[in-house]
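Here are my comments on the model you sent, in numbered points. They go from the loops to the sheet and then to the cores.

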Amino acid sequence: MLIKVLVVDDHQLFRQGLINMLSESPDIEVIAEATNGLEAIERVSEFKPDIVLMDIGMPGKNGIEATRYIHQNFSESRVIALSMHADKHYIKTMLEAGAFGYLFKNCTYNQLIEGITTVAEGEKYLGGEATEVLIQSYLGKEDATEDLIKETKLSEREFEVLKLLAEGKSTREVSEILFISVKTVGTHKQNLLEKLELKSTADLVKYALKKGIIHI
């Protein structure tokens, strides 16, 4: 029985290339495509795909929001994130939103097919690189996080916002990664500046470098 797939990505060239690639598999049928999260939800409602290959950063409703909605309302359609973002926050947030798998866009054809067939059978699937990101994050973050929280009385969420801002993420990107509003990010940023007695984002970057939270 063919695995019915919906491809969601706002870049037409990549989306079409992915569709052409999947057409080479005798076990997969691409039944629809979408350019953003809202269209993805509409296509899932209409076509009832087995698998949704979901990009994350898209205009309007992003992949995180769409995944959460699909997981809550169309549980028979399982989402696999297919993203360029090799950041633990994106991986963690997509999995928490209900994604069954996470693959990077530079994965191989065999990895993509394996991910689709594995998730179609009801199992979770993480590409090797995504697994490595999570393992390295787990092994490396505890000391710096705990020490800084004790020293400054930052909350874990404030620490996450600090790290992302220091890495160069915009307020909008932080809100999408952590699935919180832009206003909430702004509130956390203000609290960080006050607690750490700093004046600007540039000061946050310098502080994060000094404390070993980020590295050049």
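1. Helices and strands here are DSSP runs, a helix having at least four residues and a strand at least two, numbered from the N terminus. The model is a predicted one. With the elements counted that way, Glu 197 falls in the loop between α9 and α10 (201-210). Its phi is positive, about 55°, although Glu 197 is not a glycine. Most residues other than glycine have a negative phi. Glu 197 has 72% relative accessibility; the cut-off for exposed is over 50%, so Glu 197 counts as exposed.

2. Lys 48 is a second non-glycine residue to look at, with a positive phi of about 50°. Lys 48 sits in the loop that lies between α2 and β3. Its relative accessible area is 36%, so Lys 48 is partly exposed.

3. Ser 181 belongs to the loop between α8 (171-178) and α9 (182-195). Is this residue buried or exposed? Neither: Ser 181 is partly exposed, because its relative accessibility is 38%. The side chain of Ser 181 makes a polar contact with that of Thr 184, at 2.8 Å. Thr 171 lies 10 residues from Ser 181 along the chain, and 9.3 Å separates their C-alpha atoms.

4. For the overall picture, the protein chain has 10 helices and six strands. Of its 216 residues, 44% are buried. The accessible surface is about 11300 Å², and carbon and sulfur atoms account for 51% of that. Among contacts with a separation of 6 or more, 63% are between residues 24 or more positions apart.

5. The six strands make one open sheet with parallel pairing, in the order β2-β1-β3-β4-β5-β6. β2 (28-34) and β6 (125-126) are the edge strands; each has a single partner, so one side of each has no neighbour in the sheet. Helix α1 (residues 12-22) packs on this sheet and touches β1 (3-8), β2, β3 and β4, with its direction at about 165° to that of β2. Helix α2 (residues 37-47) also packs on the sheet, touching β1, β2 and β3, and makes an angle of about 135° with β2.

6. Within the sheet, β3 (residues 51-54) and β4 (residues 78-83) run parallel and are joined by four bridges. Val 52 is opposite Val 79 of β4. Four bridges also join β4 to β5, again parallel, and here Ile 80 faces Gly 101 of β5.

7. Which residues of β5 (residues 101-104) point one way, and which the other? Gly 101 and Leu 103 point one way, Tyr 102 and Phe 104 the other, and all are buried. In a regular strand the side chains alternate between the two faces of the sheet.

8. The largest nonpolar core contains 44 residues, and Val 8, Met 54, Met 94 and Tyr 102 have the most contacts inside it. Helix α7 (residues 156-166) gives the most to this core, with six residues. Another core lies apart from it and has 19 residues, including Val 7, Ile 51, Ile 80 and Ile 116.

9. Met 54 deserves a separate entry. Beyond its neighbours within four places in sequence, Met 54 is in contact with residues including Val 8, Ala 40, Ala 66, Ile 70, Val 79, Leu 82 and Met 94. Gly 63 and Thr 67 are also among the residues in contact with Met 54.

Note on methods
Residues numbered from 1 in each chain as written. Predicted model: local features only at pLDDT ≥ 70, side-chain atom pairs only at ≥ 80, totals over all residues. Heavy atoms only, no water. Core = buried A, V, L, I, M, F, W, Y, C linked by side-chain atoms within 4.5 Å. Buried < 20%, exposed > 50% of the residue type's maximum accessible area, 1.4 Å probe, protein only. Contact = heavy atoms within 4.5 Å. Areas by Shrake-Rupley, 256 points an atom, 1.4 Å probe, with all protein chains shown as cover. Polar contact = N/O pair within 3.5 Å; in protein donor to acceptor, adjacent residues only side chain to side chain. Pairing = 2+ DSSP bridges. Axes fitted to C-alpha atoms, helices over the stretch in contact; angles between N-to-C directions.
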